[in-house]
Amino acid sequence: MGLSDIAAELGPVTTKQRQRNVPTIDDTGVSLRTRFETHADALPCTPAAAEQVVEAHESGTALGDNARAAGIAPVTAAKVLHCCGVTGVNPLAPEARRIVRDWIDGRLSRADALALTRADPTEFALATYIETHDPIVPLAEAVQGALTNHGDAAVAKRDSLAETMSSVTDLQF
């Protein structure tokens with residue numbers, strides 16, 4: 001069986017393309033909590049907890065630790081990150097996500113979908129939430145703008161160590 005045979009069995013493939021805009025940097029001084037408060041009804045927790053989860057995630061803290069510190073369940077913290085446009089929160093592989101979509105569309109029973117994905121009920125519930133809820137665009141833009149690193153670490157390091165480095169002209173005779 002060659003690649004063309006495999007491709008013929010798959011049928012037409014459609015993908016959802018995400019529109020990409022020029023990133024904006026928000027230096028207005030408005031806190032994330034204030035922005036979250038305007039969309040509080042769409043968040044799975046309080047704006048204060050959402051702010052804490054997003055800021056802790058940006059600092060590299062583990063999701064479970066973020067959730068405990070904010071006083072919410074880890075799955076709720078993952079939902080917050082998804083609502084804020086953070087990618088990589090879905091616990092399932094692409095094929096398992098397709099199975100979840102099949103279950104949502106009514107082509108599979110829940111029991112069959114759970115068995116095929118080999119996901120535990122919590123992972124399955126989170127994947128279902130992610131498949132049925134789009135990120136909230138204003139929150140995703142606010143998070144991206146507020147947490148964007150405004151400098152280049154390599155350039156900052158080079159500049160701070162400039163006195164200790166030699167240049168190519170130092171080697172000429």
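**Figure 1. Contacts across the chain in this predicted model.** Take the contacts of the protein chain between residues at least 6 apart in sequence: 59% of them join residues at least 24 apart. The fold behind these contacts has ten helices and zero strands, and reading along the sequence gives the pattern α-α-α-α-α-α-α-α-α-α.

**Figure 2. Surface and interior of the protein chain.** Of the 173 residues, 27% are buried. The chain exposes about 11,800 Å², and carbon and sulfur atoms supply 54% of that area.

**Figure 3. A close look at helix H3, residues 47–58.** With twelve residues at 1.5 Å a residue, H3 should span 16 Å; its end C-alpha atoms lie 17 Å apart, so the expected and modelled values agree. Follow the helix inward and you will meet its buried residues: Pro47, Ala49, Ala50, Glu51, Val53, Val54 and Ala56. As a reminder for viewing, an α-helix has 3.6 residues a turn, so residues three or four places apart point the same way. After H3 comes Gly60, with a positive phi near 95 degrees.

**Figure 4. Cysteines without a disulfide partner.** Searching the whole structure turns up zero disulfides. Cys45 is in none, and the nearest cysteine sulfur, that of Cys83, is 8.7 Å away. Cys45 has 14% relative accessibility and therefore counts as buried, the cut-off being under 20%.

**Figure 5. The surroundings of Cys84.** Which cysteine sulfur is closest to that of Cys84? It belongs to Cys83, at 6.5 Å, which is too far for a bond, since a disulfide needs the sulfur atoms within 2.5 Å. Cys84 also counts as buried, because its relative accessibility is 3%.

How values were computed. Residues numbered from 1 in each chain as written. Predicted model: local features only at pLDDT ≥ 70, side-chain atom pairs only at ≥ 80, totals over all residues. Heavy atoms only, no water. Helix = DSSP H or I, 4+ residues; strand = E, 2+ residues; numbered from the N terminus. Buried < 20%, exposed > 50% of the residue type's maximum accessible area, 1.4 Å probe, protein only. Contact = heavy atoms within 4.5 Å. Areas by Shrake-Rupley, 256 points an atom, 1.4 Å probe, with all protein chains shown as cover. Expected span 1.5 Å × (residues − 1).
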